[in-house]
Protein chains: 2
Amino acid sequence: MTKLQIHGREASDASDRDAKAQAEGFATVRQAHESEMAEDYVELIAELIEIQGEARPVDIAERLGVKPPTVTKNISRLKEAGLVSRERYRAIFLTPEGQKLAEACRRRHRIVVAFLLSLGIDEETAERDAEGIEHHVSETTLEAFEAVVTRAHEKH
Amino acid sequence: MTKLQIHGREASDASDRDAKAQAEGFATVRQAHESEMAEDYVELIAELIEIQGEARPVDIAERLGVKPPTVTKNISRLKEAGLVSRERYRAIFLTPEGQKLAEACRRRHRIVVAFLLSLGIDEETAERDAEGIEHHVSETTLEAFEAVVTRAHEKH
DNA sequence: TATATATGTTAGCATCGGCTAACTTTTGAG
DNA sequence: CTCAAAAGTTAGCCGATGCTAACATATATA
Ligand SMILES: [Mn+2]
Ligand SMILES: [Mn+2]
Ligand SMILES: [Mn+2]
Ligand SMILES: [Mn+2]
């Protein structure tokens, strides 16, 4: 709909452009969902390595709230994607590419949490909301968040 | 891990509580993903009814950026869930329950967009980011967003 | 009104990310 | 050093949400 045949070519009106922009928005969200698993895993693996020296499936499963077989399957996907390295029955480590992604995710997570806290949100809620929001924040928005956090800190 | 047997009962340490809270956060995100399709559809259906008087699969597909068979399938899920009513080959309408959900989603969407705009984000980016963020914003955070928007408006 | 085009549905396929049950390997307590 | 418990894997299942190809229905133009 909203398409007419004029002189044999397609014509667009204002609501057509709107529809296209909207579709791109939804496509962006679907894309974000595709990277979400990888992002949460590498971020968590980096945290566990920092805390415990290594990331083991049992700990990943506990912190994600999923069962061990789910972790095994997803880790093999991450290995396939070149983000983690590991040998069977051994702990999981990040490849250089995985480390880079983990760093970016941790930064984003930190900024989103700090931003929500600066709005007066309680820690529990800030962490919960950030865990989902982080995957849908563009670099533009992230920088705006960062600016707010910085200003809030300067004011004490 | 991080569980010891003491006097025959389980003992928790600080990192255990942390792990549990983290798992709840991820569980919350997984739950949000379960309602996401329904939320985006009813919101869009409400918009189309407002603009065009009815919501047809072809328009829903165009605006979501998916193919018509995907819409057919998802609409039948929404019907199953009691959110929409429709007869074969006819336009789609919202049940009272669907209208209520749509209203809540539109409010949330509006607030998130207005909030991002008030931060100086451009419209295109605000809409894109909001489309994903909206599903992960608790009522607590939404109210904080609303307060910021209101204050920004008062200052002109 | 006849029929061509646009719209909608069905069937069948794929991937993702959950799960349980059953099995294997590693670890560590005695 | 042995062997039971803990950890990890595999196989097989499921539902959600995309897709294409083929078919059915509705609509609008000639
Ligand atoms: Mn996350
Ligand atoms: Mn995170
Ligand atoms: Mn959305
Ligand atoms: Mn929306």
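1. How far apart are the manganese ion (ligand 1) and the manganese ion (ligand 2), and which residue coordinates both? They sit 3.6 Å apart, and Glu131(A) is the residue that coordinates both. Before going further, a caveat: this is a predicted model, where local features need pLDDT of at least 70 and side-chain atom pairs count only at pLDDT 80 or more, while totals for chains, interfaces and linings use all residues; side-chain values use heavy atoms, with hydrogens and water left out. Residues are numbered from 1 along each chain as its sequence is written, and chains are lettered from A and ligands numbered from 1 in the order in which they are written.

2. Ligand 1 first. The protein donors of this manganese ion are Asp40(A) (OD), Glu131(A) (O), Glu131(A) (OE), Glu134(A) (OE) and His135(A) (NE2), at 2.0 to 2.3 Å. Donors here are N, O and S atoms within 2.8 Å of the metal (3.2 Å for Na, K and Ca); water is not among the atoms, so sites may look incomplete. Along the chain, the donors follow the spacing D-x90-E-x2-E-H.

3. Now ligand 2. Its protein donors are Glu43(A) (OE), His109(A) (ND1), Glu131(A) (OE) and two entries for Glu134(A) (OE), lying 2.3 to 2.6 Å from the manganese ion. The spacing for this ion reads E-x65-H-x21-E-x2-E. The pair His109(A) and Glu131(A) links distant parts of the chain: His109(A) is in helix H4 and Glu131(A) in helix H5 (residues 123-133) of chain A, 22 residues apart. Helices (H or I, at least four residues) and strands (E, at least two) are DSSP runs, numbered from the N terminus.

4. On burial around these two ions: His109(A) and Glu131(A) are both buried. Glu131(A) counts as buried because its relative accessibility is 6%, and Glu134(A) is buried at 0%. The cut-offs are under 20% relative accessible area for buried, over 50% for exposed, and partly exposed in between (1.4 Å probe, protein chains only).

5. Over in chain B, the manganese ion (ligand 3) has as protein donors Asp40(B) (OD), Glu131(B) (O), Glu131(B) (OE), Glu134(B) (OE) and His135(B) (NE2), at 2.0 to 2.3 Å. In sequence these donor residues are spaced D-x90-E-x2-E-H. Glu131(B) bridges ligand 3 and the manganese ion (ligand 4), which lie 3.6 Å apart. Among the donors of ligand 3, Glu134(B) is buried with a relative accessible area of 0%, and His135(B) counts as buried at 7%.

6. As for how the chains relate, a rotation of 180° with 0.0 Å of shift along its axis superposes chain B on chain A, with an RMSD of 0.1 Å. The two copies are therefore related as by a two-fold rotation axis. The fit is by least squares on the C-alpha atoms of residues with pLDDT of at least 70 in both copies. Of the residues of chain B, Ile133(B) comes closest to that axis, at 2.6 Å (C-alpha).

7. Finally, the largest cavity. About 50 Å³ of space lies in it, and its lining includes Phe115(A), Phe145(A), Phe115(B) and Ile133(B). Helix H4 (96-118) of chain A and helix H4 (96-118) of chain B each supply at least two lining residues, with the largest share, three residues, from H4(A). A cavity is a set of points, on a 1 Å grid over the protein atoms alone, where a 1.4 Å probe fits but cannot get out; lining residues have an atom within 4 Å of a point. Volume is the space filled by probe spheres set on the points, which are joined across faces, edges and corners.

Conventions
1 Å grid on protein atoms, 1.4 Å probe; cavity = no way out; pocket = protein on both sides within 12 Å on 5 of 7 lines; lining within 4 Å.
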